[in-house]
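Here are my notes for someone opening this structure for the first time. Have a look at it, then read on.

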Amino acid sequence: MNGHGIKAIYQFEMARWFRTLGQSLFTPVLSTALYFIVFGSAIGGRMGEVDGVSYAAFIVPGLIMLSILTESLSNASFGIYFPRFTGTIYEVLSAPLSPFDIVTGYVGAAATKSMIIGCVILVTARLFVDYSVQYPLVMILFLALTAVTFCLFGFILGIWADGFEKLQIVPMLVIMPLTFLGGTFYSISMLPEFWQKVTLFNPVVYLISGFRWSFFGTADVAIGVSLGAISLILLVCLAAIWWIFKTGYRLKT
Amino acid sequence: MSRPVPPNTQPIISIKDISKTYKSGVKALKPINLDIHKGEIFALLGPNGAGKTTLISIICGIVTPSSGCVTADGHDIIRDYRAARRAIGLVPQELHTDAFERVIDSVKLSRGLFGYGPNPAHIEKVLRDLSLWDKRTAKIQELSGGMKRRLMIAKALSHEPKILFLDEPTAGVDVELRQDMWEMVRKLRESGVTIILTTHYIEEAEEMADRVGVISKGELVLVDEKAALMRKLGKKQLTLHLREAISAVPEGLNGYSLELSGDGSALTYTFDGQADESGIPDLLKRLGEIGLDFKDLNTEQSSLEDIFVSLVREQRP
């Protein structure tokens, strides 16, 4: 393992993030805070309880998950796409770095950024909503697993993309709708029976449900199933990255 | 100045049957065999698309070869890629930089990527040697083209490589900076670094290289010591500037390889610079006998450029 190499990539990526802190941190935190104000404080007061939890508190895990998913994808995809775009990727490819080193550096930095954003939103939410976390360790595990998994997914996107437009397609046109329809603002038990079954094909349901369980001890899907789902997505992403480095797809000719 | 490669020197780079065919079917490299010796400056000459950058990219790990193997500093570039790559520094042809980064951060990143811990003294030395120390906190986008080129070299030297690849190092660089770079390359060689450069400027190879390889259409056409190459293939020419123009080469000079200039004022005699007899005394004597008077004369030896052009021409169908 090239420890100095991993550290160099990690520090470089984190430095870039801190340089643009306004855009990197405050933007997602502000937009999520607006959700809390509108759906939590303003509308939430008229919504009553969902599964024994106030509506304002109910949407907290889903909104944090929404930020984690979109930020993980965009941070990780941009992190690897930008050196490909500028051509500086030559240095990474010619350095004594294994695929593990490269992925650890880029994905590690992107996951750190996502987790920082997630934690800041968690604290910010407390300013607007009264909630508590029943299983903090499970919450941290879920947060970390989701951040790492979707950063791996973002890494794949960054390799696949051949333009900035493609970087935006998956987060905006796939992940955002799946998150909104995955139970961020409602419990799937509130849906008609047919749509409940359809919703179970949405992988984001399992992520939000598992994360919500760590807060309130209740969820749409059993916690074990949620953990299994996130682990499965993680394995699929790892397999795709293994294939990318084995074939040199869009990295080496 | 070039220096001959010592006999029996262990190659620091050994290329065996390396070839590259792209998925599109384009054959970028036909099987190439080449040894590069420790401490030499090797110039790889070739026209655009000849395969120079592909060969360098394979050795540096950026392009996957279709066949063959390469060792760098005794390490296989695929099986033992970590050790092989640590020995290599690469300055690519294009100025690939992170515009918003600071100069010093970019150089530190390069050192880290190659597996080395921080060494502020070395980074300072590299930046000072390349006249970039005063610009260390500047953003890369603020640098001029020449400074960016030097930054690329600083990044490649940040991990103290034993082998340095310079892919068209002086492309688009002004004359003064080019001279500075040549000087820097010589200093690097004196410190024991092996340098492989590709160039379009034959003058560059002629000025600096110990050995020259000519690559054309993916094939290594020729490899030799620069001095030997120029001796072997270098033609010499004697030009006689006539006192009065003539319309044709006189019959009395038919036995000599002579060419008359367009305006009839100069005769050029081409001869083998390596032969024991140049034939010049006989020619001058014969000129006297037939009464052809000249006012001046000069000799020229063909340059590396002439040799290169003639070799590449031979390759063309």
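What percentage of the 253 residues in chain A do buried residues make up? The answer is 45%, where buried means that 20 or more other C-beta atoms, placed from the backbone, lie within 10 Å of a residue's own.

1. A word on the ground rules. This is a predicted model, where local features need pLDDT of at least 70 and side-chain atom pairs count only at pLDDT 80 or more, while totals for chains, interfaces and linings use all residues. Residues are numbered from 1 along each chain as its sequence is written, with chains lettered from A and ligands numbered from 1 in the order in which they are written.

2. Chain A is built from 10 helices and 2 strands (DSSP runs numbered from the N terminus: H or I of at least four residues for helices, E of at least two for strands). Reading from the N terminus, you get α-α-β-β-α-α-α-α-α-α-α-α. Its radius of gyration, taken over C-alpha atoms, is 19 Å, close to the 18 Å from the globule rule for 253 residues, so chain A is as compact as a globular protein of that length. That rule is 2.2 Å times the number of residues to the power 0.38.

3. Contacts in chain A reach well along the sequence: of those with a separation of 6 or more, 81% join residues 24 or more positions apart. A contact here means C-beta atoms, placed from the backbone, within 7 Å.

4. Now for where the chains meet. Chain A puts 20 residues in contact with 24 residues of chain B. On the chain A side, helix 1 (3–19) and helix 4 (89–94) each supply at least two residues.

5. Chain B comes in two parts, domain 1 (11–231) and domain 2 (235–301), with bounds from an automatic or database domain assignment. Their C-alpha centres lie 45 Å apart.

6. Take a look at helix 6 of chain B, residues 175–190. In this helix M181(B), V185(B) and L188(B) are buried. Seen down the axis, the buried residues fall within an arc of 60 degrees, so they line one face of the helix; the arc is that of the directions from the helix axis to the C-beta atoms. They pack against strand 3 (41–45), strand 7 (163–167), strand 8 (194–199) and helix 7 (202–208) of chain B.

7. On the other side of helix 6 of chain B, the exposed residues (12 or fewer such C-beta atoms within 10 Å) include E183(B) and K187(B). After this helix comes G192(B), with a positive phi near 100 degrees.

Conventions. Two residues are in contact if their C-beta atoms, placed from the backbone, lie within 7 Å.
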